[in-house]
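Open the model in your viewer and keep the selection panel at hand. The tour goes from the ligand to a sheet.

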Amino acid sequence: MTSAEGPEGLRVGVVGIGYWGSKHVRTMRSLSSVSQVAVIDPSEERVAAVRHSFPEVPAFRDLESALPHIDALVIATPPTTHAPLACAAMAAGKHVLVEKPFATTLEDAHQMVEIASENDVVLMVGHTFEYHSAVWALREMVARGDLGELYYLDTSRLNLGLYQHDVNVLFDLAPHDISILNYVLGSTPTSVECWGSRHAHRRLEDIAYLRVCYDEPHVEANVHVSWLDPCKVRRMTVVGSSKMVVFDDLEGEERIRVHNKGVVQSDETADLTMPPMSYRYGEVVAPYLVVNEPLLLEDEHFVDCILTGMAPLTDGANGLAVVEVLEAAQLSMREHREVFIDEVRRSLRTGLAHVGGRPAVLGREAV
Ligand SMILES: NC(=O)c1ccc[n+]([C@@H]2O[C@H](COP(=O)([O-])OP(=O)(O)OC[C@H]3O[C@@H](n4cnc5c(N)ncnc54)[C@H](O)[C@@H]3O)[C@@H](O)[C@H]2O)c1
């Protein structure tokens with residue numbers, strides 16, 4: 001591991017200080033093992049906005065000029081810039097935390113993992129929900145078998161906007177859901193089907209539906225992501241034979257509700273005078289969740305990994321696994337068929353990555 005900590009502590013740069021990057025600036029500054037947080041952004045307006053809260057923060061217009069002054073970098077720029085910035089920083093021996101989506105092509109994701117290994121630096125992906133106490137609770141319930149046989153999972157991440165410049169809604173929002181699913185199930189999918197369409201935007205899909213299939217445990221998840229919905233929704237439902245759980249991230253309290261409800265098929269004999277199913281209605285329980293700020297835990301974990309040599313919970317392999325699903329989903333959306341994750345892995349190995357060409361921006365027209 002490259003020695004990162006100077007005598008005065010770790011110097012962290014945050015590149016991209018828009019909506020999300022400015023939150024990283026605040027959380028990184030609150031960590032005692034971080035001695036200095038520098039900001040990197042070509043926008044004078046963005047720098048002025050951050051300096052309004054933190055007047056003394058060093059600012060750079062580009063990564064190259066900031067590199068000699070930092071030990072680690074948080075990347076919170078538009079998605080298509082993640083891979084080039086991450087690779088340049090890691091090649092210079094800097095540790096990197098890259099926001100979701102980890103990369104916009106599988107090829108880039110692989111290259112990032114390779115460069116991290118070659119330079120012996122920490123590479124972490126900002127899959128923030130894996131640091132969320134509600135998601136930890138879901139994972140524990142599934143692992144303990146509290147829900148009985150898992151029937152299916154369903155997630156919805158909808159709102160009006162925010163439209164992005166360089167990726168479609170799939171690459172913008174679905175990384176959250178796929179990372180939550182992988183974490184909660186302790187597994188990665190084998191195949192994906194995806195339908196998407198463009199409405200308000202001419203080039204980028206603004207709604208998408210995914211069916212994500214896992215083998216172990218054998219279960220399917222439906223994912224709905226949208227920039228074109230009148231209602232803000234951030235919900236995940238896990239339905240099992242014994243219980244059903246709803247995680248609603250917009251609930252101030254009781255983000256997780258466990259419904260002791262179920263349904264059982266009645267006697268097979270086809271007596272049409274009898275109801276086909278019998279229903280069980282029980283209590284609804286909202287388990288206590290530790291109050292935490294996922295972004296703070298994530299940033300703290302990144303710094304701890306640098307200082308201790310520990311591997312991040314959401315490491316490069318974790319980021320890569322999500323990009324595999326996104327790339328398979330993009331191909332499925334284009335070719336209207338189920339795509340196996342092994343297929344996109346094989347096409348990368350045989351040099352046929354991005355069957356249909358490398359997208360300049362991630363929209364249907366571009367591929
Ligand atoms: N983990 C999460 O929950 C979460 C939430 C929101 C956004 N994000 C991710 O964070 C990233 C940024 O999103 P945002 O909403 O803050 O975007 P934003 O548009 O508000 O900010 C992006 C910033 O990057 C700057 N920038 C653009 N290109 C640059 C370059 N080459 N070098 C330096 N700076 C550059 C822009 O000037 C701008 O200030 C995206 O990847 C997004 O997906 C993650």
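Which backbone N or O atom lies 2.8 Å from an oxygen atom of the ligand? Select K100: the atom belongs to its backbone. This is a predicted model, so read each distance as a computed value.

Stay with the ligand and select E99. An N or O atom in the E99 side chain is 2.9 Å from a nitrogen atom of the ligand. Then select T77, where a polar backbone atom is 3.2 Å from an oxygen atom of the ligand. On its own the ligand has 860 Å² of accessible area, and the protein covers 79% of that.

Now show the residues around the ligand. There are 21 of them, and W20, D41, E99, K100 and T128 come nearest. Colour this shell by class: nine residues are nonpolar, eight are polar and four are charged. If you display pockets, the ligand takes up the space of the largest one.

Next, switch to a cartoon view and look for the sheet. The sheet is open and has nine strands with mixed pairing, in the order β14-β13-β12-β11-β7-β10-β9-β8-β15. Select 277-285 for β14 and 339-340 for β15: each stands at an edge with a single partner strand, so one side of each has no neighbour in the sheet.

Finally, select residues 228-240, strand β11, together with residues 244-248, strand β12. These two strands pair in the antiparallel sense over five bridges. For one bridge, pick T237 and its partner V246 in β12. Strands of a sheet pair through backbone hydrogen bonds, so show the backbone atoms here.

Definitions and conventions: Residues are numbered from 1 along each chain as its sequence is written. This is a predicted model: local features need pLDDT of at least 70, side-chain atom pairs count only at pLDDT 80 or more; totals for chains, interfaces and linings use all residues. Side-chain values use heavy atoms; hydrogens and water are left out. A residue is near a molecule or strand if one of its heavy atoms lies within 4 Å of it. A polar contact is a pair of N or O atoms within 3.5 Å; within protein, one must be able to donate a hydrogen and the other to accept it, and residues adjacent in sequence count only if both atoms are side-chain atoms. Accessible areas come from the Shrake-Rupley method with a 1.4 Å probe; for residues, only the protein chains shown count as cover. On a 1 Å grid over the protein atoms alone, a cavity is a set of points where a 1.4 Å probe fits but cannot get out, and a pocket is an open set with protein on both sides within 12 Å along at least five of seven lines; lining residues have an atom within 4 Å of a point. A molecule sits in a cavity or pocket if more than half of its atoms lie within 2 Å of its grid points. Ala, Val, Leu, Ile, Met, Phe, Trp, Tyr, Cys and Pro count as nonpolar, Asp, Glu, Lys and Arg as charged, and the others, Gly among them, as polar. Two strands pair if DSSP finds at least two bridges between them. Helices (H or I, at least four residues) and strands (E, at least two) are DSSP runs, numbered from the N terminus.
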